[in-house]
Amino acid sequence: MLMWSLQASFPYLKGEYHVQTGRGSVSVIVYGDQDKPALITYPDLALNHMSCFQGLFFWPEAASLLLHNFCIYHISPPGHELGAGPICANVPSLSVDDLADQILEVLDFFGYNATPLLGAVMCMGVTAGAYILTLFAMKNRERVLGLILISPLCNTPSWSEWFYNKVMSNLLYFYGMCGLLKEILLQRYFSKEVRGTAEIPESDIVQACRRLLDERQSTNVFRFLQAINKRPDITDGLKRLRCRTLIFVGDSSPFHSEALHMTSKLDRRYSALVEVQACGSMVTEEQPHAMLIPMEYFFMGYGLHRPCQFSDSPRSPLSPSCISPELLSPESMGLKLKPIKTRVSLDV
């Protein structure tokens, strides 16, 4: 019944797979033509593709851009998929390195491993998911063509993040997915403009996210939170990334300063930052329209365009050489401001 309802809502859905890896089972939802290059997504803490990427993929212009050029592989952290039960207590907890290594096994399972070029993929992650994908790219540089990171992490937790993670861990352990925990998570995801006030009700996206959080198993969220809270600092490895990187962050995100720090450590020739005004961490849900133009310029560097311009093509290496490098400068990826710092206003 679950698969039928998903199929009715998403006509491009190919199916849900449970990929057995050396570190446990991984749920992967596949959309699109598997002869096309892969776009891997990874959500933030306590979320899955339905609560983290639905806004972007339901935005018609963005959906046409992404589904025309890619086959989408939505990877869920262990126990975060729709309908997941609690992970058995005797199953070992995974580190961030384990989670990153699972992605490589998922790509091999789907056949994106014929050669380093044919096996290379695009990656899109939100906050904790952005960290996992960045770590994967650093460990497997020949397998990643590009990174699209939304409110990413790269340092060890700051004091304030550590404190909130500790509070969430205690709430999960003693009270499960209680109301206070959900409020802390919603503050992590969304700006106050959409969370509502005593006079203004919550927006639809916040209400939908709150309902989806009700379905999470507290023990599974606790495991992912522990892995993220123990993450190492990967700043030193950012300069060695070979792929182009596009970063989005809302200016109301609690991880805004971390995104700025990460951008400053990346090679300026191959990275750009888009700051979205009056937006929280989940730009994909809160303001997906702000992502369209920067993504279009980003994909142009690989010869990828909207479907109104080009017809479908089979899976092949995405060649960054088919467009002038100047079009992939930070200025061209965004709009007009200083290199590496482009601000997208609400009316874009």
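## Charges over rings

Let's start with Arg244: its charged end sits over the ring of Tyr302, 5.5 Å from the ring centre. Keep in mind that this is a predicted model. Another arginine and tyrosine also turn up in this kind of arrangement, with the charged end of Arg231 over the ring of Tyr131 and 5.9 Å from its centre.

## Aromatic pairs

On to rings meeting rings: the structure has 14 aromatic pairs. Take Phe109 and Phe110, whose ring centres are 4.9 Å apart. Their planes stand at 90 degrees, and over 60 counts as edge-to-face, so that is the label this pair gets.

How buried or exposed are Phe109 and Phe110? Phe109 has 48% relative accessibility, which makes it partly exposed, whereas Phe110 comes out at 11% and is buried. The two phenylalanines also belong to a wider group, since ring pairs join Tyr17, Tyr73, Phe109, Phe110 and Tyr112 into a cluster.

## Helices α7 and α8

Two packed helices are described by the angle between their axes and the distance between the axes. For α7 (residues 159-175) and α8 (residues 179-189), the axes come within 10 Å and cross at roughly 145 degrees. The crossing of α7 past α8 is left-handed.

Which residues make the contact between α7 and α8? From α7 come Tyr164, Asn165, Val167, Met168, Leu171 and Leu172, and they meet Leu180, Leu181, Ile184, Leu185 and Arg188 of α8. Sorted by character, the residues of this contact are nine nonpolar, one polar and one charged.

## The loop at Gly176

Gly176 is in the loop between α7 and α8. With 11% relative accessibility, Gly176 falls under the 20% cut-off and so counts as buried. Setting aside neighbours within four places in sequence, Gly176 is in contact with Leu171, Leu181 and Ser218. Leu171 and Leu181 are already familiar from the contact of α7 with α8.

There is also a link to a part of the chain further along. Gly176 and Phe222 are 46 residues apart in the chain, and their C-alpha atoms are separated by 9.2 Å.

## Positive phi without glycine

Most residues other than glycine have a negative phi, and most peptide bonds are trans. Ala46 goes the other way on phi, with a positive value of about 70 degrees although it is not a glycine. You'll find Ala46 in the loop between β3 (38-42) and α2 (49-52). Its relative accessibility is 1%, so Ala46 counts as buried.

Ser151 is another one to look at: not a glycine, yet its phi is positive at about 45 degrees. Where is Ser151 placed? It lies in the loop between β6 (144-150) and α7. Ser151 has 0% relative accessibility and therefore counts as buried.

## Asn69 in α4

Last stop is Asn69, in helix α4 (residues 60-69). Its relative accessible area is 8%, so this asparagine is buried. What does Asn69 touch, leaving aside neighbours within four places in sequence? Its contacts are Lys36, Pro37, Leu304 and His305.

Note on methods
Residues are numbered from 1 along each chain as its sequence is written. This is a predicted model: local features need pLDDT of at least 70, side-chain atom pairs count only at pLDDT 80 or more; totals for chains, interfaces and linings use all residues. Side-chain values use heavy atoms; hydrogens and water are left out. Axes are lines fitted to C-alpha atoms, for helices over the stretch in contact, and angles run from 0 to 180 degrees between N-to-C directions. Helices (H or I, at least four residues) and strands (E, at least two) are DSSP runs, numbered from the N terminus. A crossing is left-handed if the near helix is turned anticlockwise from the far one by less than a right angle, and right-handed if clockwise. Contact means heavy atoms within 4.5 Å. Ala, Val, Leu, Ile, Met, Phe, Trp, Tyr, Cys and Pro count as nonpolar, Asp, Glu, Lys and Arg as charged, and the others, Gly among them, as polar. Rings of Phe, Tyr and Trp (its six-membered ring) pair if their centres lie within 6.5 Å; planes under 30 degrees apart count as stacked, over 60 as edge-to-face and the rest as tilted. Buried means under 20% relative accessible area, exposed over 50%, partly exposed in between (1.4 Å probe, protein chains only). A charge sits over a ring if NZ of Lys or CZ of Arg is within 6 Å of the ring centre and within 35 degrees of the ring normal.
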